[in-house]
Amino acid sequence: PQTCEAGKSQPNEGSATCDPCEAGTFQPDEGASTCEKCAIGKAESNTGATSNTACVDCIPGKWSSAAGASMCDACQSGMFSIGGTECMNCAKNTFAPNTGSSSCELCPSGKTSEEGASSCDLSTSSTLALIGAGIGAVFVGMAAGFFIGKREKRSNDGASEQLLGDV
């Protein structure tokens, strides 16, 4: 049997070959039968790692939920991560439009969102205010047209008569 060097393992006792540790694992000791997994929230993409320092933290916007990850996964849109073990939903009235977000953005004025949103929509109160303003403008316009359309005409003898004019 062969004694394996660090970064390799010999899963079958008595085997003449050593296998490099797979991505997401490492082995600091010689003669090991298995490789150790990187911790949750970390990943390692190369084979043959000899130290747990090869396992790097997931960057903001990415996460790893299982030990032994070879890469960190991007958070879905509507979620964010400061790096590590989980992605979190954006709070109400915030959003994350892209995958891999490290933070959420505030909804613009007049727009809202539910928790975990990837975009913001016109708020119900803003929509009602716009509808109300539109209806109000129609009534004001109609009233103005009615009063502008009425004119008085005075004759030479001082008498007045009302005329409906063109609007």
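**Disulfides, a salt bridge and model confidence**

Cys72 is buried, its relative accessible area being 12%. The structure described here is a predicted model. The partner of Cys72 is Cys58, and the two residues form a disulfide with their sulfur atoms 2.0 Å apart. Cys58 has a relative accessible area of 6% and is likewise buried. The torsion about the S-S bond is -80°, and the link of Cys58 and Cys72 is left-handed. Cys58 sits in the loop between strand S6 (56–57) and strand S7 (62–63), while Cys72 sits in the loop between S7 and strand S8 (73–74), so the pair ties together parts that are 14 residues apart in sequence.

The link of Cys58 and Cys72 is one of several, as a search of the whole structure finds seven disulfides. Another of them joins Cys90 to Cys104, with 2.0 Å from S to S. The torsion about this S-S bond, between Cys90 and Cys104, is about -80°, so the disulfide is left-handed. Distant parts of the chain are linked by the pair, with Cys90 in the loop between strand S10 (88–89) and strand S11 (94–95), and Cys104 in the loop between S11 and strand S12 (105–106), 14 residues apart. How accessible are Cys90 and Cys104? Cys90 counts as buried at 0% relative accessibility. Cys104, at 24%, counts as partly exposed, because buried residues are those under 20% and exposed residues those over 50%.

A further disulfide is formed by Cys107 and Cys120, whose sulfur atoms lie 1.9 Å apart. Here the torsion about the S-S bond is about -75°, so the disulfide of Cys107 and Cys120 is left-handed. Cys107 is found in the loop between S12 and strand S13 (111–112), and Cys120 in the loop between S13 and strand S14 (121–122); the pair links distant parts of the chain, 13 residues apart. Cys107 counts as buried at 14% relative accessibility, and Cys120 counts as buried at 12%.

The loop between S10 and S11, in which Cys90 was placed above, also holds Asn93. Asn93 is not a glycine, yet its phi is positive, at about 70°. This residue, Asn93, is partly exposed, with a relative accessible area of 33%.

The search for charged pairs gave a short result: one salt bridge is found in the whole structure. Asp57 and Lys42 form this salt bridge, and their closest N and O atoms are 2.7 Å apart. The contact joins distant parts of the chain, since Asp57 belongs to strand S6 and Lys42 to strand S5 (residues 42–43), with their positions 15 residues apart in sequence. Side chains of opposite charge can pair when their charged atoms come close. Is Asp57 buried or exposed? Asp57 is exposed, with a relative accessible area of 52%, whereas Lys42 is partly exposed, with a relative accessible area of 27%. Strand S6, which contains Asp57, is also one of the two strands that flank the loop of Cys58.

Two residues of strand S1 were examined for their surroundings. Ser9 lies in strand S1, which covers residues 8–9, and Lys8 lies in strand S1 as well. Ser9 is buried, with a relative accessible area of 7%, while Lys8 is partly exposed, with a relative accessible area of 29%. Leaving aside neighbours within four places in sequence, Ser9 is in contact with Cys4, Cys18, Asp19, Ala32, Ser33, Thr34 and Cys35. With neighbours within four places again set aside, the contacts of Lys8 are Cys18, Asp19, Pro20, Cys21, Gln27, Ala32 and Cys35. Lys8 and Thr47 are 39 residues apart in sequence, and their C-alpha atoms are 8.9 Å apart in space.

Confidence in the model varies along the chain. The mean pLDDT of the chain is 82, and 73% of its residues reach 70 or more. Over residues 126–130 pLDDT stays under 50, and the model has three contacts beyond four places in sequence for this stretch. Residues 136–155 also have pLDDT under 50 throughout, and for them the model has 21 contacts beyond four places in sequence.

Definitions and conventions
Residues are numbered from 1 along each chain as its sequence is written. This is a predicted model: local features need pLDDT of at least 70, side-chain atom pairs count only at pLDDT 80 or more; totals for chains, interfaces and linings use all residues. Side-chain values use heavy atoms; hydrogens and water are left out. A disulfide is a pair of cysteine sulfur atoms within 2.5 Å. Helices (H or I, at least four residues) and strands (E, at least two) are DSSP runs, numbered from the N terminus. Buried means under 20% relative accessible area, exposed over 50%, partly exposed in between (1.4 Å probe, protein chains only). A salt bridge is a side-chain nitrogen of Lys or Arg within 4 Å of a carboxyl oxygen of Asp or Glu. pLDDT is the predictor's confidence in each residue, from 0 to 100. Contact means heavy atoms within 4.5 Å.
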